[in-house]
Amino acid sequence: MKLRVKLSLLAGAVLLLATLLCNGLSFSISRRTILQEAARGAYAQSEAAFQGFESYCGRFQGELSPSAGVYWLKSQNQEYSILLRNGEAVYNPTVLEPSELRTTPKGGSEPQEAGLYHGRRLLAYSFEAVSPYTFIHIVDVTDTYLSLYRLAAQEAALSAAVLAGGALAVFLTLRRALRPLQALSDGANSIAAGAYGQRVPESGRDELAGLGRDFNRMAGAVEEHIRRVEESEEQKTMFMASLTHELKTPLTAISGYGQTLRYAKLSDEDRDTALMYICRESGRLDRLSKKMLRLLELDRDVPITLEPVPIASLAAGARETCIPGAAKRGVSIVLGPLEGDILCDRDLMTEVIVNLVDNGIKACKKGGRVVISSKGGRVTVEDSGCGIPQEEIARLTEAFYMVDKSRSRQSGGAGLGLALAAVILRRHGMRLHIESRVGEGTRAVLEKC
């Protein structure tokens, strides 16, 4: 059962209870008032009849004879009067027995329930006349009760109409008020079906509008999470494809040269060449596997310890590591102004700077130089190499991405250095900003996010 139907039924039940209570109170008050007026009128009528009989009795000296009393009653057409003498009826034109009448000796103005006799509603009043007579007067109030029944029927019909109208109004109001819930349900079903961009209207300031806004925020968070998951899956797919591709080349070379050594007769020089290629490609696989393990380890958010480290010490360590490679290519490594400390893991941050310096060395021709400097907590590694096209800069931190693939492979690279640097910097709350112009060199800056 839908919520609006449940609420409509509940509201209808409340309306019905309220209507019955109000109508019951109203009818009770009306009934009391009407019966009170009827009792007053009936008593006044009965008292007038008794006063006339008592006045007639006052004309006689001594005890009134029954025949005289009966004569007067008949002459006055007292068809609803009964005269008793010592408890015995001497005059009774009605079909009622005095013993079955529910009489009141006082009458009065209090509401009095009329007795039901032979299908008629009657009020009977008893008066003590001159001894030994008792005068009973009967008033027919059936019409008054019929009026009460008609009033009750009218109130019931009016209440039914009001209740039906109220129930319809409540149903329509609830359907309109709960329309946002239907929109939320449709939105949830759409999101469950894969339409993550689905949103619901947010108009209004009530709780349902607030629920709609919360739903949209949740939907936005879900959409963003799904987007990140999809991007992550896509990156993982590309990562595995790139890894497979990178592994294929050295494995093919190792396998080819290994088979050549096993099945072919080679000169000492050719054998040394084959062994050299096997050693080189094996070293490349070793470096690739170590970087892969390092990248995966850091990407799992393994806790690291941060401590203040002088930037000059980091730069000196990186320069010392890279000097042999720079010497082979005829590139110089220069330490510029190095100010302040940096909160970091010494080994990891040294690895970042080494990767940047190594990339700079590879980009430079003979006679080029790489400069390491810092200012205001920002570390800069700048080279005078060939530069990077602007459209390539945004992809430099992707795993296995290389601007010049042939040159990078010749130098033993696999495109993991900057990807590893980006992960390390992210763990330090830092980022890598790269500026470059083709033919003029590249400037890499490490700075706080």
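**Exercise 1. The chain as a whole**

What does the accessible surface of the chain come to, and what percentage of it belongs to carbon and sulfur atoms? Describe the chain in general terms.

*Solution.* The model is predicted. Its chain has an accessible surface of about 26,500 Å², and carbon and sulfur atoms contribute 55% of that area. Of its 449 residues, 35% count as buried. The secondary structure consists of 11 helices and 13 strands. Among contacts with a separation of 6 or more, 62% are between residues 24 or more positions apart.

**Exercise 2. The setting of Gln78**

Locate Gln78 in the chain, and determine whether Gln78 is buried or exposed.

*Solution.* Step one concerns position: Gln78 belongs to the loop that runs between α2 (66-75) and β1 (81-85). Step two concerns burial: the relative accessible area of Gln78 is 13%. The cut-off for a buried residue is under 20%, so Gln78 is buried. Step three concerns neighbours: leaving aside residues up to four places away in sequence, Gln78 touches Ala49, Trp72, Leu73, Tyr91, Pro93 and His137.

**Exercise 3. Helix α8**

Describe the length of α8, the environment of α8 and a contact at its start.

*Solution.* Helix α8 covers residues 346-363, 18 residues in total. From the first C-alpha to the last, α8 reaches 26 Å, close to the 26 Å expected at 1.5 Å a residue. Of these 18 residues, 13 are buried, so α8 is largely enclosed by the rest of the structure. At the start of the helix, a side-chain oxygen of Asp345 comes to within 3.0 Å of the backbone nitrogen of Leu348.

Terms used: Residues are numbered from 1 along each chain as its sequence is written. This is a predicted model: local features need pLDDT of at least 70, side-chain atom pairs count only at pLDDT 80 or more; totals for chains, interfaces and linings use all residues. Side-chain values use heavy atoms; hydrogens and water are left out. Helices (H or I, at least four residues) and strands (E, at least two) are DSSP runs, numbered from the N terminus. Buried means under 20% relative accessible area, exposed over 50%, partly exposed in between (1.4 Å probe, protein chains only). Contact means heavy atoms within 4.5 Å. Accessible areas come from the Shrake-Rupley method with a 1.4 Å probe; for residues, only the protein chains shown count as cover. The expected span of a helix is 1.5 Å times one less than its number of residues. A polar contact is a pair of N or O atoms within 3.5 Å; within protein, one must be able to donate a hydrogen and the other to accept it, and residues adjacent in sequence count only if both atoms are side-chain atoms.
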